[in-house]
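This report is for a reader new to the structure shown below. It takes up the sheets, then the overall size, then the cavities.

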Amino acid sequence: MTQYDMIMEVVKDERFKGHIYTEIGHVNLYEKFNNFLMNATFTEEEKEKELLSIYRDLCPSLVWGAYNYYHMLNEVWVINKDRNKEDKIFIFPTDVPFDYNEIQTHREWDIHYNLFFNSIFRDQMMAMNFVDYYEEVKKEKRKALVILNSMHAYKRNPTYLSLPTRPLIRRAGEFIYKTYPEETFVIYINSCNVDNFKLSNHGIIDAAFEYTKKDDIGFDLKDTPIGNTKFDLYFTYAADYFDLNINYDYLFDGMIYYKPLKDMVIKMGIPNIYSKEYEDMYYRRVALMSNKKFEEVKNDEEYRKALEQINNPAIIPFDDYFGEGVVESWDKQIQKWIE
């Protein structure tokens, strides 16, 4: 949630004249997204109804449970309400197409999910979707803010050791960078390893910001100590394939450090996304994904509890989300360098 708060501060600034492009959301939802964002006449009730309608179709699982994206859609609608037509902000979803209305069986869902969402070509498809959108709007001289998971955003792919000579672009960021080499600037926002939640380089980077009392700063990485530091935040499985001796500035052009990890807010759940009216849709999708009977999942207490959690946004304690003791572990790593 915290990183999206920072992104929205940028977007709210009147100097921001661009559009937003996101990994989250299927490309076939483009019209639905922007019909919503351009309609300033909604009542509060109408706005919420349409926003939830978009969100229910946002991904091939039951729900994209991170509250931050819901928050962004809502905030951009509010921003657009008071902007001139030529300054209104579009959001372009770039992920591979998916439509629940076209999926009738578990096998269809499983094939589609694994064919596209676990495919090495997914990144290229997202990047090509971006290029298609951007070519249409760049004549308006509008900038592009592209929001991707850090691994999708790599401007250069770390050498894929099993096939080192294969001319294959593996990351959306790399495809975009090679398409627009003079216009692309890839920014990394501070994080941890998303698999094991360890800090980069045993905490030395986080310790530098803790020591200098900086928690809201951005800078170029070229010819800086951090830029020249080994990047070590790969997904665990990637360690067997990628070159582990490359630096931050090989993958990213700049960095934003925004709040220590321990101060970040994790918020999950979407308010009443599967309200009473849509409960059966929830259970049908559970049945479809799990290859079970509708009545079986509807009578399962665990699925009912999960539905309650999905429908009620909540701030998740760090120990519940990352595992017990993770904040204490971060503090120890950081203090070791400061002392």
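## Sheets, overall size and cavities

Three strands with parallel pairing make up an open sheet in the order β2-β1-β3. The edge positions belong to β2 (91–95) and β3 (144–147); each has a single partner strand, so one side of each is left without a neighbour in the sheet. From one strand to the next, the twist averages 35 degrees. The model described here is a predicted one.

Strand β1, residues 19–26, pairs with β3 in the parallel sense, and 4 bridges join the two. One residue pair can be picked out in the structure: Ile-20 has Leu-145 in β3 as its bridge partner. A helix also belongs to this picture, since helix α4 (residues 67–81) lies across β1, β2 and β3. The direction of α4 is at about 140 degrees to β1.

Another open sheet of 3 strands has the order β4-β6-β5, and its pairing is mixed. Here β4 (187–189) and β5 (216–220) are the edge strands; each of them has a single partner strand, so one side of each is left without a neighbour in the sheet. Direction ignored, neighbouring strands of the β4-β6-β5 sheet are turned by 15 degrees against each other on average.

Within the β4-β6-β5 sheet, β4 and strand β6 (residues 254–258) pair in the parallel sense, with 3 bridges between them. Ile-187 has Gly-254 in β6 as its bridge partner. Helix α9, made of residues 204–212, lies across β5 and β6 and runs at about 60 degrees to β6.

The protein as a whole holds 15 helices and 8 strands. Along the principal axes, its C-alpha atoms fill a box of roughly 55 × 50 × 45 Å. How does the radius of gyration of the protein, with 339 residues, relate to that of a compact globule? A compact globule would have a value near 20 Å, and the protein has 21 Å, which agrees.

Rolling a probe the size of a water molecule over the atoms shows where empty space is left. In this structure there are 2 cavities of 30 Å³ or more. The table gives their volumes and the classes of their lining residues.

| Cavity | Volume | Lining by class |
|---|---|---|
| Largest | about 50 Å³ | 5 nonpolar, 3 polar and 1 charged residues |
| Second largest | about 40 Å³ | 8 nonpolar, 1 polar and no charged residues |

Which residues line the largest cavity? They are Tyr-188, Asn-190, Ser-191, Ser-200, Ile-205, Asp-206, Tyr-248, Met-255 and Tyr-257. Two elements, α9 and β6, give two or more residues to this lining. These elements appeared above with the mixed sheet, where α9 lies across β5 and β6.

The second largest cavity has a lining made up of Tyr-21, Thr-94, Met-126, Ala-127, Phe-130, Val-146, Leu-148, Ala-172 and Ile-176. Two or more residues of that lining come from each of α6 (122–137) and α8 (172–179). Helix α6 gives the most to the lining of the second largest cavity, with 3 residues.

Terms used:
Residues are numbered from 1 along each chain as its sequence is written. This is a predicted model: local features need pLDDT of at least 70, side-chain atom pairs count only at pLDDT 80 or more; totals for chains, interfaces and linings use all residues. Side-chain values use heavy atoms; hydrogens and water are left out. Two strands pair if DSSP finds at least two bridges between them. Axes are lines fitted to C-alpha atoms, for helices over the stretch in contact, and angles run from 0 to 180 degrees between N-to-C directions. Contact means heavy atoms within 4.5 Å. On a 1 Å grid over the protein atoms alone, a cavity is a set of points where a 1.4 Å probe fits but cannot get out, and a pocket is an open set with protein on both sides within 12 Å along at least five of seven lines; lining residues have an atom within 4 Å of a point. Grid points are joined across faces, edges and corners, and a volume is the space filled by probe spheres set on the points. Ala, Val, Leu, Ile, Met, Phe, Trp, Tyr, Cys and Pro count as nonpolar, Asp, Glu, Lys and Arg as charged, and the others, Gly among them, as polar. The radius of gyration is taken over C-alpha atoms; the globule rule is 2.2 Å times the number of residues to the power 0.38.
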